[in-house]
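Here are some remarks on the model you asked me to look over, set out as numbered points. Please read them with the coordinates open beside you.

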Amino acid sequence: MLGRAREQGLLRLSVVNFRDYAESKHKNVDDEPYGGGAGMLLKPEPIYNAFASVLGPREAYPGKVLLMSPQGTPFTQRIAESLAKEDDLAILCGHYEGFDERIRHLADMELSIGDYVLTGGELPAMVVIDGVCRLIPGVLGEDASHQADSYADGLLEHPHYTRPRQYLGMDVPDVLLSGNHEEIRLWRRKESLRRTWLRRRDLLAGADLSAEDMKLLDDVKREEE
Ligand code: 4GX
């Protein structure tokens with residue numbers, strides 16, 4: 001999807017190798033931690049030099065600068081939506097155990113994609129790129145972007161079915177074949193609430209639920225007791 005979006009001119013992506021901006025003749029971008037300890041740290045100069053060479057003075061950068069780290073703010077759909085409004089984003093990431101604290105000062109926002117530790121920030125950066133770019137108008141098809149709107153309500157999705165009507169003894173729920181659009185809407189909403197109640201109860205606190213939702217959720221709770 002992002003490859004097509006690039007071809008269509010909907011987004012521009014480029015990768016900068018900060019090794020090309022290392023100061024020493026040996027092009028080393030990492031060094032031992034002051035105070036001792038295991039592991040090498042990413043040095044500040046290659047990152048600062050790369051930034052200035054490619055993007056100009058930090059204070060003149062028009063977009064947001066992101067740093068990928070497990071210590072960051074959890075990356076959520078809400079954050080993806082706010083980043084999708086920016087015309088420019090820069091993401092700092094590296095394949096190192098850690099980075100010199102002064103690199104943090106280049107960033108507007110430190111983001112984490114989850115509570116686990118990876119070997120580098122490249123995959124987290126790609127996760128953020130994917131999550132943000134799919135929200136750029138035109139990147140997803142008409143159908144998919146309409147769906148994306150409905151996923152933004154903070155609930156888990158209801159179950160989906162396609163043909164065949166029966167498979168290995170598992171039937172498509174009758175309501176979905178009924179042609180009754182109001183009944184289908186109510187069923188989907190209820191099953192969405194059920195999934196959220198059963199799998200991610202924490203999400204219900206942040207979801208804005210209508211009076212109808214509250215009634216459906218009551219029914220779900222009674223059924224799931
Ligand atoms: N959510 N990692 C960060 C440390 C590092 C080294 C050099 C920048 C430069 C992660 C996560 C994550 C691994 C990215 C360690 N960062 N990032 N890297 N979870 O695990 O975002």
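**Notes on the predicted model**

1. In β2, the residue that serves as bridge partner to Asp31 is Leu41. The model is a predicted one, and this bridge belongs to the antiparallel pairing of β1 with strand β2 (residues 41–42), which runs over two bridges.

2. That pairing is part of an open sheet of three strands, in the order β1-β2-β5 and with mixed pairing. Because β1 (30–31) and β5 (98–99) stand at the edges and each has a single partner strand, one side of each is left without a neighbour in the sheet. As general background, strands of a sheet pair through backbone hydrogen bonds, in either a parallel or an antiparallel sense.

3. Ser69 deserves a look of its own: the residue sits in strand β3 (residues 64–74) and is buried, since its relative accessible area is 7%, where buried means under 20%. The side chain of Ser69 is joined to that of Glu110 by a polar contact of 2.9 Å. When neighbours within four places in sequence are left aside, Glu110 is also among the residues in contact with Ser69, together with Phe99, Arg104, Leu111 and Ser112.

4. Arg6 belongs to helix α1 (residues 2–7) and is partly exposed, with a relative accessible area of 43%. Leaving aside neighbours within four places in sequence, Arg6 is in contact with Leu11 and Leu13; a polar atom of the Arg6 side chain lies 3.0 Å from the backbone oxygen of Leu13. How far apart in space are Arg6 and Tyr34, C-alpha to C-alpha? They are 43 Å apart, with a sequence separation of 28 residues.

5. The second largest pocket holds about 650 Å³ of space. Its lining is made up of 18 residues, and those closest to the centre are Gln77, Asp153, Gly154, Leu155 and Leu203. The elements that give two or more residues to this lining are α3 (77–84) and α7 (201–206), and α3 supplies the largest share, four residues. By character, the lining residues of the second largest pocket divide into seven nonpolar, four polar and seven charged.

6. Some backbone geometry may be worth checking by eye, beginning with the peptide bond from Arg163 to Pro164, which is cis with omega near 5°. Pro164 lies in the loop between α5 (142–151) and β7 (166–167).

7. Two residues have positive phi without being glycine. For Lys27, which is found in the loop between α1 and β1, phi is near 60°; for Leu168, which lies in the loop between β7 and β8 (170–171), phi is about 50°. Are these residues buried, partly exposed or exposed? Lys27 counts as partly exposed at 37% relative accessibility, whereas Leu168 is exposed, because its relative accessible area of 69% is over the 50% cut-off.

How values were computed
Residues numbered from 1 in each chain as written. Predicted model: local features only at pLDDT ≥ 70, side-chain atom pairs only at ≥ 80, totals over all residues. Heavy atoms only, no water. 1 Å grid on protein atoms, 1.4 Å probe; cavity = no way out; pocket = protein on both sides within 12 Å on 5 of 7 lines; lining within 4 Å. Points joined across faces, edges and corners; volume = space filled by probe spheres on them. Nonpolar A, V, L, I, M, F, W, Y, C, P; charged D, E, K, R; others polar. Pairing = 2+ DSSP bridges. Buried < 20%, exposed > 50% of the residue type's maximum accessible area, 1.4 Å probe, protein only. Contact = heavy atoms within 4.5 Å. Polar contact = N/O pair within 3.5 Å; in protein donor to acceptor, adjacent residues only side chain to side chain.
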